[in-house]
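Trainee: I would like to go through this model from its sheets to its cores. Please take it one step at a time.

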Amino acid sequence: MNTEKKLMSLINSVRVLNSTRDLDKVLNQLIKEVLNVIEGSNASILFLYDKKINKLYAKTGAGFDLKYLKDILLKPGEGMSGKTFLSQRGRIFHSKRDTTKGMKDVSPKILDLYGKALSGFQYPASALCVPLISNKECIGVLTVDIYDKEIEFNEDDLKLLETFAVQATVAIENAMLFSGNERTKKMHEELSKVSLSQGGLTEITKTLSELIHCNVAVFNEYGDVLVSSSTEARKIAVEMVKNHPDLLHRVIDYEQTVIYEIVKLFNTKRGVYFFPIYADKYMIGLITIFLDEDAVLDPLDRFAVEQAAVIFALEMNRRESTAIEDLKYSGYILDQILHQEFNELSINQLSKLNIYENKDRKYISIKALINDPLLSFKEISVKKHQLLRLLYREISKVPFKSFVLDKNMELIFMFVFPTHFSEENIYKEMNRIFSLIEELAFKKFQLSILVGMGRIVTRLEEVKASYRDTIKCIDYLQTTNVKGSILAYNQLGIQRLFLKTEKNELNEYVMDTLGQIITYDKENDTELIPTLKCYLELNQNMAQTAKKMYVHTNTIKYRLKTINQILNLDSLDGRVAFDLQLALYIYEYLNI
């Protein structure tokens, strides 16, 4: 073909490329026009670069079976096209020897797909590869092949293809922008329809799955599966939670844009895309898309899903707002139980919540206090909202009726259990739930929480007493140096009697009763106080005391004699023993 005809062919090709903004049509026209522009060419492939997976994927081609071509993924530097991508310079592979050398590092799997796409594997007799450059970045590679041994590409062919590639890049970018907007608009419209029709999160997820032809699941920010597009999608999502929890939490903690990972699920490798869902600048979940290992999510679809995440955020917020409103209503009922006399109104309201006064239930009151006095009001408001979402998540898992009363820095709970639950199991379950809440609140929101658990009662009228217990537990946690942040009322023992007494008064009682022994221990480096405590707790059994303290019985006898001499006592019996033991408990309480 002479120069004039080549130029005319190029001009016509550019005109055809600019005749539409539909990306698929542009790419199909582009790949056909290449064969018209480059004389003697038999086949061509357009590779586009996907930053997220760091691979070149075959977008379209001529002279190949697209069924197999679409599964070809090249790493940068792999094969003729991969090398051209890295160098960002056009290349001529003059002979079959050159093309064989250029493709020697291509994986057997890719070569197999390449052969199937050609209906029989063979290396090109000659090939041209040119990069598609936009803003100094390579967005893809255009490769043209000759399989006729009598024809060989030359420098003029390379220059012509490079000129064509410049115009093709502009056409591709314009079409991608237009198609991206159209794809995003369509996805928004379809998902919004479902949302407005009150289809809920499940139906929105199913609709997204149908639009992109992939399995989809939605996780919350704690890695729980909220909904899935199908039974298969749920199985895959559950497998992800079971076998890759670290990856899931790493993605959640990363809190950035889309993340792509290759993950082994059910002994099969899958490509997984994670799209963050944000509300008020905080991540509240993940849209997760599962593909076969060799499949890729079209970048236009990926962009559309990123934009559509806001619809998922709105639906998740709506769902949680409803749940939090339910909690607030239950709080109104709990407030009546705690602070009002029982009357016809409260009984009627309780009956609406399926709570009746009967002998088949047990009740426990729990109080959680946000123990961060240095936080600003704004910080507390934001963090407390997040904490409420966490509470809803955990409490919703409990198969028992629950009530939550929100009071500034406090959250008060009442749980209703069937009577066959033992007190031990109730406390165990409550401790498990609130230990997890306390741990996550600190890890996720840097909130410190103190938790007090009241006694277990069998009548609604007694819930007030259980609530008063929680206040004493919180007071104890705040006023002592005891380790831990969760305390049950039954763990307080006799120390519950000291909580409302001034510490100075308690200290005076201790010094009046035990002061001389305490001073003696400090001055002589002895262990009279521990010995006295152990002796009284073991019902004044000298042999058992010696055994527990790992000393000889004569040593215990000598220490007790010293105590009697210091305190001027004849014996440690009756009222004297009671006063000493009480003073020891107070001394322990003051020094925790």
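The questions below deal with two sheets, the helices lying across one of them, and the cores.

Mentor: Keep in mind that this is a predicted model. Begin with the sheet of six strands.

Trainee: Which are the edge strands of the sheet with the order β3-β2-β1-β6-β5-β4?

Mentor: The sheet is open, and its pairing is antiparallel. An edge strand pairs on one side only. That description fits residues 73–74 and 91–93, which are β3 and β4.

Trainee: What is the bridge partner of I92 in β5?

Mentor: β4 covers residues 91–93. It pairs with β5, residues 126–134, in the antiparallel sense over three bridges. In β5, the partner of I92 is L128.

Trainee: In the open sheet of five strands, is the pairing antiparallel or mixed?

Mentor: The order is β13-β14-β12-β15-β16. β12 and β15 are antiparallel, joined over seven bridges. β15 and β16, however, run parallel, with three bridges between them. The pairing of this sheet is therefore described as mixed.

Trainee: Which residue of β14 stands opposite S402?

Mentor: β13, residues 401–407, is an edge strand of this sheet. Seven bridges pair it with β14, residues 410–418, in the antiparallel sense. Opposite S402 stands F415.

Trainee: Why is β15 largely enclosed by the rest of the structure?

Mentor: β15 pairs with β12 and with β16. K367 has G452 as its bridge partner in β15, while V451 has I486 as its partner in β16. β15 is largely enclosed because the number of its nine residues that are buried is eight.

Trainee: At about what angle does helix α14 run to β15?

Mentor: Two helices can be compared here. Helix α13, residues 377–395, lies across β12, β13, β14 and β15, at about 5° to β14. Helix α14, residues 423–445, lies across β12, β14, β15 and β16, and its angle to β15 is about 165°.

Trainee: Which helix gives the largest share of the largest nonpolar core?

Mentor: This core has 58 residues, and L142, I287 and I289 touch the most other members. Beyond its neighbours within four places in sequence, L142 contacts residues including L30, V34, L128 and F164. The largest share of the core, ten residues, comes from helix α7.

Trainee: How many residues are in the second, separate core?

Mentor: Its members include L387, I395, V404 and I426. L387 and I395 fall in the range of helix α13, residues 377–395. The size of this core is 36 residues.

Methods. Residues numbered from 1 in each chain as written. Predicted model: local features only at pLDDT ≥ 70, side-chain atom pairs only at ≥ 80, totals over all residues. Heavy atoms only, no water. Pairing = 2+ DSSP bridges. Helix = DSSP H or I, 4+ residues; strand = E, 2+ residues; numbered from the N terminus. Contact = heavy atoms within 4.5 Å. Axes fitted to C-alpha atoms, helices over the stretch in contact; angles between N-to-C directions. Core = buried A, V, L, I, M, F, W, Y, C linked by side-chain atoms within 4.5 Å. Buried < 20%, exposed > 50% of the residue type's maximum accessible area, 1.4 Å probe, protein only.
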